[in-house]
Amino acid sequence: MQVKVSKGKGLIVDGPAKIEVQSGTGDLFGKPIRTGDIIVVKKAKSIGIHADTELCLEITGGLGFKVEEVDYSLISEEWVKIAEDLKKSEKPAIVFIVGDVDTGKTTLVTYLGNILCREGFKVAVLDEDVGQSDVGPPCTIGLGILTEPVAFLSDLKFIDGFFVGSTSPSGLIQRSIAGTKLMVEKAINLGSDVILIDTCGWVFGREARELKTMLFYLIKPTHVILVEKNEGELDHLVVPLRKLKLNVIKVKSPIRIRERNREERKFLREVMFRRYLENLREIKVSLSRVGVAYGILGSGKIADQQLVERVSAMLGVKVVHCERSEDYLLIVTENHEMINSLSLEAVKRVLQVRDVRIVSVSMIKDILVGLMDDKMNFLGVGIIKEYNPKSNELIIRTNVDENKIAIIQYGSIKISDETREEGKIRPWSI
Ligand SMILES: Nc1ncnc2c1ncn2[C@@H]1O[C@H](COP(=O)(O)OP(=O)(O)OP(=O)(O)O)[C@@H](O)[C@H]1O
Ligand SMILES: [Mg+2]
């Protein structure tokens with residue numbers, strides 16, 4: 001369908017849609033729009049275009065697609081003022097954007113990034129949201145650099161990441177804190193003028209407060225932008241810091257936000273998984289050769305056959321691998337079986353180990369992993385396809401070069417068919 005947008009008006013397009021600009025000029029959250037441009041809006045995403053001159057657009061849409069013309073500006077005066085402030089502020093500016101889910105945080109980051117990039121500043125975007133990752137794969141804190149204005153943050157150049165291993169930071173906030181700090185350091189070392197930190201929409205409750213507080217302490221943002229639907233809803237995050245003279249700026253969440261439901265969020269994660277899990281090969285990685293993180297498997301001393309048989313006999317199940325460290329005895333069983341706690345207690349007592357973990361070979365399958373090199377650079381993600389207890393090797397589907405892998409970080413989600421989230425596993429369960 002052909003859509004004409006009069007000068008000064010706005011158009012909101014909910015995807016899936018393909019927009020071809022036939023004539024006119026406009027602005028898409030800070031990215032200039034010209035004749036001939038093609039913008040693809042994925043399902044569950046939406047964009048807003050402001051017409052600088054009359055715009056003539058050819059739009060094709062799929063199921064769920066919607067267009068709406070609005071006669072107010074999609075870019076609020078508050079957004080414009082923040083961009084102006086950031087242009088003038090001391091560099092590097094470290095901007096921490098906080099808000100509840102579906103408040104327009106990512107869109108504000110996109111707008112600020114685009115405007116500052118157009119002014120010639122080196123802009124880094126740090127995506128702390130492990131659930132709705134725009135920069136880098138899901139379950140990962142991503143760092144990207146804007147080399148040109150973009151319609152979506154997912155279009156920008158991915159530089160580095162930190163694997164958290166879960167789609168939610170809950171229970172794992174220390175990983176989000178460490179990862180964000182490391183990525184900020186990296187952005188500074190890269191000579192960024194402005195570092196825009198897009199955070200997850202987790203702002204209520206003890207753990208969320210703790211996460212945000214630690215990030216404030218460590219990152220020392222030069223600007224804290226609070227995106228609020230209702231005035232004062234984020235005060236609990238900054239009132240406790242009142243004496244710190246933080247540069248806190250409050251902005252109202254835009255009127256028309258396209259909220260995403262669970263299914264749509266899952267769909268968007270799958271899109272991102274597909275992107276970072278393509279051209280996969282199966283590689284074999286010996287757990288005796290690499291380091292591991294977020295799990296026990298590969299961190300202990302492999303038990304000899306005699307001990308394996310002894311544990312098998314005590315538990316009454318077929319054990320295929322045991323490894324021992326000062327704090328854990330990890331037992332890998334051939335099949336998934338219920339083991340009574342009395343037998344486990346007996347193993348603990350007889351073998352004098354502090355704690356015992358039992359996993360079956362099938363549990364060590366389909367787990368998402370993060371892969372790091374020997375300088376702790378993020379190499380990519382992969383999926384464990386199999387654990388071979390005889391050779392103590394993991395077979396991983398990934399596009400990462402096996403020779404570069406120094407550390408395997410075990411994730412807490414299982415992925416099937418290279419994209420689909422199949423379920424969760426408890427951190428440190430393998
Ligand atoms: N100013 C605006 N005008 C029109 N649409 C907007 C505006 N700001 C945001 N939106 C739309 O609302 C939706 C949600 O915005 P956005 O993704 O920026 O929110 P978010 O707070 O980052 O969400 P999440 O909590 O999932 O990270 C998006 O589809 C976006 O295009
Ligand atoms: Mg977001």
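## Two cis peptide bonds before proline

Proline 16 sits in the loop that joins strand 2 (10–14) to strand 3 (17–23). In this predicted model, the peptide bond that leads from glycine 15 into proline 16 is cis, and its omega angle is near 10°.

A second cis peptide bond runs from lysine 91 to proline 92, with omega near 0°. Proline 92 is likewise placed in a loop, the one between helix 1 (77–88) and strand 10 (93–99).

## Two residues with positive phi

Alanine 44 is not a glycine, and yet its phi is positive, at about 75°. This alanine belongs to the loop between strand 6 (38–41) and strand 7 (46–51). Is alanine 44 buried, partly exposed or exposed? Because 19 C-beta neighbours lie inside 10 Å, while 20 or more would be needed for a buried residue, alanine 44 counts as partly exposed.

Lysine 245, also a residue other than glycine, has a positive phi near 55°, and its place is in the loop between helix 5 (235–238) and strand 16 (248–252). Lysine 245 has 7 C-beta neighbours inside 10 Å and therefore counts as exposed, since that class takes in residues with 12 or fewer.

## The surroundings of ligand 1

Ligand 1 is surrounded by 22 residues, of which the closest are Val101, Thr106, Thr107, Gly201 and Pro254. Sorted by class, this shell is made up of six nonpolar, nine polar and seven charged residues. Strand 7 and helix 2 (105–118) each contribute at least two residues to the shell around ligand 1, and strand 7 is also the strand that follows the loop holding alanine 44.

Where does ligand 1 lie with respect to domain 1 (2–70) and domain 2 (77–275)? Both domains give residues to the shell, so ligand 1 lies between them.

## Domains and the contact between two of them

The protein is divided into domain 1 (2–70), domain 2 (77–275), domain 3 (277–294 + 364–424) and domain 4 (301–362). Taken over C-alpha atoms, the centres of domain 2 and domain 3 are separated by 28 Å, and 16 residues of domain 2 are in contact with 17 residues of domain 3.

On the side of domain 2 that touches domain 3, strand 13 (157–163) and helix 6 (262–276) each supply at least two residues, and helix 6 gives the most, with six residues. By class, this side of domain 2 has five nonpolar, five polar and six charged residues.

How values were computed:
Residues numbered from 1 in each chain as written. Chains lettered and ligands numbered in written order. Predicted model: local features only at pLDDT ≥ 70, side-chain atom pairs only at ≥ 80, totals over all residues. Helix = DSSP H or I, 4+ residues; strand = E, 2+ residues; numbered from the N terminus. Near = placed C-beta within 6 Å. Nonpolar A, V, L, I, M, F, W, Y, C, P; charged D, E, K, R; others polar. Domains from an automatic or database assignment. Contact = placed C-beta atoms within 7 Å.
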